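User: Please take a close look at one part of this protein, the region where its helices pack against one another. I would like a connected account of the contacts there, with the numbers behind them.

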Amino acid sequence: MEGPAAENAYEEDEGFWDNGKFVSMNDLARSWNRRMGRVDESALDTVTAPELARELKVEPKVFRAWLRDEWRAGNEILAGHVHQQRWIFNKRDAGLLKVQYRGHIGLDEVQD
C-alpha cells in the first residue's frame, strides 16, 4: 500500500473485540500510519462541539456540559482544552468522543 491509510473511513464503533478491548477499524489505520510515519491529512479536519452535538442528535448545551464534566474528570482527549475557549476537535478525536458519549448515555449500538 502506498500513502497513508484513511483514518476516518469507518464509523468509530466499527471494529472488533481483542482480548476484552474494543479496537476500531480506524484505530488500526491510525496505528499503521504511525508505524509507517505517514499522516492522513483528512484526519486533520476539525469539528466543533455544536457540529458534533448535531451528529449525536443532542442539544449543544447538554453536549457541552458533558464535555466540561469529562474535561474536569481528566479525559485525555480533552486535556488540551483551555477554559472558556471553543471546543474544537480533529476528526479522530470527534469520532472517539462520539463513541464515549454514546456509551455514557447507554447507546453503544446507535445507528445514525
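Analyst: What follows starts with the whole chain and then moves through the nonpolar core, the aromatic rings and the charged pairs.

The model is a predicted one, and local features are described where pLDDT is at least 70. The secondary structure consists of four helices and four strands, and along the sequence these elements follow the pattern β-β-α-β-α-α-β-α. Of the 112 residues in the protein, 31% count as buried. The accessible surface amounts to about 7,600 Å², and carbon and sulfur atoms account for 49% of that area. When contacts between residues at least 6 apart in sequence are considered, 53% of them join residues at least 24 apart.

The nonpolar core is a useful place to begin. The largest such core contains 15 residues, and Leu52, Phe63, Leu67, Phe89 and Leu97 are those with the most contacts inside it. Helices α2, α3 and α4 each contribute at least two residues to this core, with α2 giving the most, namely four residues. Leucine 52 illustrates the packing: leaving aside residues up to four places away in sequence, leucine 52 touches Val47, Phe63, Phe89, Ala94, Leu97 and Lys98. Two of those partners, Phe63 and Lys98, lead on to the rings and to the charged side chains.

The rings come next. A search of the whole structure finds five aromatic pairs. In one of these, phenylalanine 63 and tryptophan 66 are stacked, with 5.7 Å from centre to centre and 25 degrees between the planes. Both residues belong to helix α3, which spans residues 60-72, and they stand three residues apart, about one turn of the helix. Phenylalanine 63 and tryptophan 66 are both buried. Phenylalanine 63 also pairs with tyrosine 101, and here the ring centres are 5.4 Å apart while the planes meet at 75 degrees, so this pair is edge-to-face. The second pairing links distant parts of the chain, since phenylalanine 63 sits in helix α3 and tyrosine 101 in helix α4, with their positions 38 residues apart in sequence. Tyrosine 101, like phenylalanine 63, is buried. Taken together, the ring pairs link Phe63, Trp66 and Tyr101 into a cluster.

Lysine 98 brings in the charged side chains. This residue is found in helix α4, which covers residues 91-104, and lysine 98 counts as buried because its relative accessibility of 10% falls under the 20% limit. The side chain of lysine 98 makes a polar contact of 2.9 Å with the side chain of glutamate 55, and the two side chains also meet in a salt bridge, at 2.9 Å from N to O. Side chains of opposite charge can pair when their charged atoms come close. This salt bridge links distant parts of the chain, joining glutamate 55 in helix α2 (residues 49-56) to lysine 98 in helix α4, 43 residues apart. The two partners differ in how they are covered: lysine 98 is buried, whereas glutamate 55, with a relative accessible area of 35%, is partly exposed.

Further charged pairs can be set beside that one, for the structure has a count of four salt bridges. Aspartate 69 forms one with arginine 72, where the closest N and O atoms are 3.8 Å apart. Aspartate 69 and arginine 72 both lie in helix α3, three residues apart and thus about one turn of the helix. Aspartate 69 is partly exposed at 47% relative accessibility, while arginine 72 counts as exposed because its 57% is over the 50% limit. Another salt bridge joins aspartate 93 to arginine 92, with the closest N and O atoms 3.1 Å apart. In this pair aspartate 93 counts as buried at 16% relative accessibility, and arginine 92 is partly exposed at 27%.

Read as one picture, helices α2, α3 and α4 all supply residues to the largest nonpolar core. Helices α3 and α4 are also linked by the ring pair of phenylalanine 63 and tyrosine 101, and helices α2 and α4 by the salt bridge between glutamate 55 and lysine 98.

Terms used
Residues numbered from 1 in each chain as written. Predicted model: local features only at pLDDT ≥ 70, side-chain atom pairs only at ≥ 80, totals over all residues. Heavy atoms only, no water. Buried < 20%, exposed > 50% of the residue type's maximum accessible area, 1.4 Å probe, protein only. Polar contact = N/O pair within 3.5 Å; in protein donor to acceptor, adjacent residues only side chain to side chain. Phe/Tyr/Trp six-rings, centres within 6.5 Å; stacked < 30°, edge-to-face > 60°. Core = buried A, V, L, I, M, F, W, Y, C linked by side-chain atoms within 4.5 Å. Contact = heavy atoms within 4.5 Å. Areas by Shrake-Rupley, 256 points an atom, 1.4 Å probe, with all protein chains shown as cover.
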